[in-house]
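These notes are meant to be read alongside the sequence and the coordinates. Please go through the points with the structure open, as each one names the residues to look at.

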Amino acid sequence: GWALNVEWTDDPHPRNCYWEMWGLPLFGIKDAAAVMFEVNACRKAKPNSYVKVNAFDNSRSVESCCLSFIVQRPTSNEPGFTLARTEDKS
């Protein structure tokens, strides 16, 4: 099976790979209701944040994220982001 976790952040910048983990990782969960309980608890506690679910497949002994998707965006005043180039054109 896959191990899942729920994460949240208020910084949607693509280079921000450090989101806050909500609760503990969900290992060996066979019932989707347990995952939805954690997702809904995070969404309720952080209504103006981004929330995502990550899935890790341990069948090949690799501890890398295999699936990740956003389940909530802020309802109002989405902060957005800008990228500033720093290359010198000389």
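Which residues are exposed on the other side of H1? They are Phe37 and Lys44, and the points below, which concern a predicted model, begin with that helix.

1. Helix H1 covers residues 32-45. Its 14 residues, at 1.5 Å a residue, should span 20 Å, and the end C-alpha atoms are indeed 20 Å apart, so the expected and the computed lengths agree.

2. The residues of H1 that count as buried are Val35, Val39 and Cys42. Seen down the helix axis, these buried residues fall within an arc of 65°, and therefore they line one face of H1. What covers them includes four strands, namely E1 (2-9), E2 (20-26), E3 (50-57) and E4 (65-72). Phe37 and Lys44, by contrast, are exposed on the other side of the helix.

3. Ala34, which also lies in H1, is partly exposed, because its relative accessible area is 32% and the partly exposed class runs between 20% and 50%. The C-alpha atoms of Ala34 and Pro14 are separated by 29 Å, although the two residues are 20 residues apart along the chain.

4. Trp22 belongs to strand E2 and is partly exposed, with a relative accessible area of 23%. Leaving aside residues up to four places away in sequence, Trp22 touches Val6, Glu7 and Trp8, and also Glu38, Ala41, Cys42 and Ala45. Cys42, one of these contacts, is among the buried residues of H1. The C-alpha atoms of Trp22 and Ala32 are separated by 17 Å, with their positions 10 residues apart along the chain.

5. How many salt bridges does a search of the whole structure find? The search finds one, and it is formed by Lys52 with Glu7, whose closest N and O atoms are 3.8 Å apart. The pair links distant parts of the chain, since Lys52 is in strand E3 and Glu7 is in strand E1, 45 residues apart. In general, side chains of opposite charge can pair when their charged atoms come close. A reader who looks for this pair should note that Lys52 is buried and that Glu7 is buried as well.

6. Is Asn5, in strand E1, buried or exposed? Asn5 counts as buried, because its relative accessibility is 5% and the cut-off for buried residues is under 20%. Not counting residues up to four places away in sequence, Asn5 touches Met21, Pro25, Lys52, Val53, Asn54 and Phe56. Lys52, one of these contacts, is the residue that forms the salt bridge with Glu7. The C-alpha atoms of Asn5 and Ser68 are separated by 9.7 Å, while the two residues are 63 residues apart along the chain.

7. On the surface, Trp2, Leu67 and Phe69 form a nonpolar patch, and together they have about 290 Å² of accessible area. Phe69, a member of this patch, lies in strand E4 and is partly exposed, with a relative accessible area of 40%.

8. Tyr18 is found in the loop between E1 and E2. Tyr18 is exposed, because its relative accessible area of 69% is over the 50% cut-off. The C-alpha atoms of Tyr18 and Ser61, which are 43 residues apart along the chain, are separated by 23 Å.

Terms used: Residues are numbered from 1 along each chain as its sequence is written. This is a predicted model: local features need pLDDT of at least 70, side-chain atom pairs count only at pLDDT 80 or more; totals for chains, interfaces and linings use all residues. Side-chain values use heavy atoms; hydrogens and water are left out. Helices (H or I, at least four residues) and strands (E, at least two) are DSSP runs, numbered from the N terminus. The expected span of a helix is 1.5 Å times one less than its number of residues. Buried means under 20% relative accessible area, exposed over 50%, partly exposed in between (1.4 Å probe, protein chains only). The arc is that of the directions from the helix axis to the C-beta atoms. Contact means heavy atoms within 4.5 Å. Patches are made of residues with over 30% relative accessible area and no salt bridge: like charges are joined within 9 Å, nonpolar side chains (Val, Leu, Ile, Met, Phe, Trp, Tyr) within 5 Å. Accessible areas come from the Shrake-Rupley method with a 1.4 Å probe; for residues, only the protein chains shown count as cover. A salt bridge is a side-chain nitrogen of Lys or Arg within 4 Å of a carboxyl oxygen of Asp or Glu.
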